[in-house]
Structure formats: C-alpha cells, structure tokens
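This briefing looks at the surroundings of two ligands and at how some helices pack against one another. Please keep the sequence and the structure at hand while reading.

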Amino acid sequence: MKKVYKALTIAGSDSGGGAGIQADLKTFQELKVFGMSALTAVTAQNTLGVQGVYPLSVEAVKQQIESIGTDLGADAVKTGMLFSSEIIQAVAEKIKQFGWKNIVVDPVMIAKGGAPLLQDEAVSALKNDLLPLATVITPNIPEAEVLTAMTIRTLEDRQKAAKRLHELGVKYVVIKGGHDEGESEAVDLLYDGEEFSYFKSKRVKTKHTHGTGCTFAAAITAELAKGSNVKEAVQTAKDFIQAAIENELGIGHGHGPTNHWAYREKKSVYENG
Ligand SMILES: Nc1ncnc2c1ncn2[C@@H]1O[C@H](COP(=O)(O)OP(=O)(O)OP(=O)(O)O)[C@@H](O)[C@H]1O
Ligand SMILES: Cc1ncc(CO)c(N)n1
C-alpha cells in the first residue's frame, strides 16, 4: 500500500478562505498530503480586512492537538496565527510531548490590513519556547525585524537577521522578500547556519496577495512531510506560490486570495507536454 503523508496545521481560521487554516489545508491537499488542523482562533475576515478575532481557550487548542497526536500522528507540523503566549506555550509543550519533527513556524503577527494576530507580549514566548523546536521559520521582513529587534533595509541586513534567528535555535531560516517592493524580483533568503541560498522569481504586479505567507509555509510543510530536504521544499513552495499569485482568481472587493490550484494545473500542462 502507498504511504499516506500527514501534515498538521496549528493556526487561525480565515473565514474568507485565502489565509490561515483554509490556505494551509488547500495547499496540503494540492501537494497530496493529508491535512489536519488544530484551530487557535476564529477570525471574521475577508479580502477587505479582519472584522473580528475570537481566540479559542488554551484547553481547546491542547485537546485538538492531543486528539491528533494520540491517533493519527503527523509527518510535519506548521504553526501560523498563535495569538497569545499561553497558546504558544501549550503548542510547544504538545510538540515536545509527541516528539514531532519537521516543524515549520510561520511567525504570523499582523494581517496585511494591519490587524494584530499576535499579542505584543507573546513575542518572547515565540522566541523562547517555540523557536528552539523549529526546523524552519518563515518570517517576512517586518516579522524578522520584530524577532531580531533590528531594522532590515539591505540584503546584508537580512543576512544578519537570519544569523540572529539561527542563534535562537532554528535550524533553517527563510526571510521572505514579498515586502521588498522596490525590487523587480521577489527574493527569499534561506540560511542553514553555514551558507545562504536565494530563491528568486519575477515579482507579479498585483494586489491579490492575501495569504501568500501562509500558503508558502504550508507548501514547505507538505514537502517536508513527504521527505524532501529543506532546500527542495523551499524551491517547490516558491514555485507553488508563484503559480498561485500569477493566476489570480479576482474574487472579493479588496486584496484577493491566491489561486491554490494553479500549481497543479501548471504541472499537468508540463506533464502532458
Ligand atoms: N508580488 C509578488 N510576486 C511574486 N512573489 C511574491 C509576491 N509577493 C510575495 N511573493 C512571494 O510570496 C511568498 C510570501 O511572501 P510575503 O513576504 O508576501 O509573505 P507574508 O507577508 O508573510 O504574507 P501574508 O502575511 O499575506 O500571509 C514569498 O515566497 C514571496 O517571495
Ligand atoms: C487567520 C489568519 N492567519 C494568518 C494570516 C496572515 O496572512 C491571516 N490574515 N489570517
């Protein structure tokens, strides 16, 4: 029988379907990985912004993870919106309890419209409790600035920030370049503790980038679940997000979601010649 690879996302719900748990599960499915979820919060959200945030109790988060850990197990785990230090500590505890490997931490802090998805005082729990367990961390530039308490303007700044994050115990640091808007390319940097690699693509001129960060990190998680190494996983995630941004769906009245099925369609065109 063929092995079924499984990935768990611990994150918030985006009712609009473009980011959070919804983006993660869609991405897992597209990459042929069985997706499971533990919700940390429910957001009332659409392409125009976040209208409400309703965190779940720490007990509810723990119990969902427990249900998965005691039965199905996970080949990789992604964390997204975690909201509070109490939830972060509970998630770290459960990851250790079940001995899970391939942990991808997307340190979600603020939604694109500016709504806070992580309490300010939770940043230290993220750094002290979760990052030492992380295989990969995927901050955007503003998140990397908060985590390292430095300003990032140049590529050298990004390299320095990546080194600082590696010192916090993360094995692989990816600092995404989606926010580097002056550039004609979207360049993501990967640091493995020894050398830097760069993943480049043509920057797409679009406002429909809601959920790019979640989707990218979910694709890394799915590939790690299937046994890829981190470099291969980041390259597939980059190809996945590029296709998802290029083939926009054009739905909603604001910053629309990306197209989660575009990578599959692009691949099948190649495969069928
Ligand atoms: N306009 C664009 N064209 C091509 N690639 C992009 C563009 N914007 C972002 N990306 C890519 O998308 C991925 C996510 O990067 P980004 O910096 O946007 O994450 P993010 O800010 O965490 O996203 P979000 O908070 O909306 O989930 C990266 O691989 C980045 O290079
Ligand atoms: C629930 C949720 N998680 C993450 C993000 C970041 O894009 C978002 N907008 N909403």
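How are H2 and H3 oriented to each other, roughly parallel or oblique? In this predicted model, the axes of helix H2 (residues 58-69) and helix H3 (residues 85-97) come within 9 Å and cross at roughly 20°. Angles under 35 degrees count as roughly parallel, and H2 and H3 are therefore roughly parallel to each other.

**Helix packing**

- Where H2 passes H3, the crossing is right-handed.
- For helix H7 (residues 212-225) and helix H8 (residues 230-246), the axes cross at roughly 140° and come within 8 Å.
- H7 and H8 are therefore oblique to each other, and H7 passes H8 in a right-handed crossing.

**Surroundings of ligand 1**

- Ligand 1 is surrounded by 20 residues, of which Lys112, Lys176, His179, Asp188 and Val204 are the closest.
- Sorted by class, the shell around ligand 1 consists of six nonpolar, eight polar and six charged residues.
- An N or O atom in the side chain of Lys112 lies 2.5 Å from an oxygen atom of ligand 1, and a polar side-chain atom of Asn140 is found 2.9 Å from an oxygen atom of ligand 1.
- The side chain of Lys238 likewise places an N or O atom 3.0 Å from an oxygen atom of ligand 1.
- On its own, ligand 1 exposes 630 Å², and the protein buries 94% of that area.
- Strand E8 (185-191), H7 and H8 are the elements that give two or more residues to the shell around ligand 1, so that the oblique pair described above, H7 and H8, returns here as part of these surroundings.

**Surroundings of ligand 2**

- The residues around ligand 2 are, in the earlier part of the numbering, Gly12, Ser13, Ala19, Gly20, Gln45 and Met81, joined by Val108, Ala111, Leu117, His210 and Cys214.
- The protein covers 91% of the 280 Å² of accessible area that ligand 2 has when taken on its own.
- Six nonpolar and five polar residues make up the shell around ligand 2, which has no charged residues.
- Gln45, one of the residues around ligand 2, has a side-chain N or O atom that lies 2.8 Å from a nitrogen atom of ligand 2.

Note on methods
Residues numbered from 1 in each chain as written. Chains lettered and ligands numbered in written order. Predicted model: local features only at pLDDT ≥ 70, side-chain atom pairs only at ≥ 80, totals over all residues. Heavy atoms only, no water. Near = heavy atom within 4 Å. Polar contact = N/O pair within 3.5 Å; in protein donor to acceptor, adjacent residues only side chain to side chain. Areas by Shrake-Rupley, 256 points an atom, 1.4 Å probe, with all protein chains shown as cover. Nonpolar A, V, L, I, M, F, W, Y, C, P; charged D, E, K, R; others polar. Axes fitted to C-alpha atoms, helices over the stretch in contact; angles between N-to-C directions. Helix = DSSP H or I, 4+ residues; strand = E, 2+ residues; numbered from the N terminus. Parallel < 35°, antiparallel > 145°, perpendicular 65-115°, else oblique. Left-handed = near helix turned anticlockwise from the far one by under 90°.
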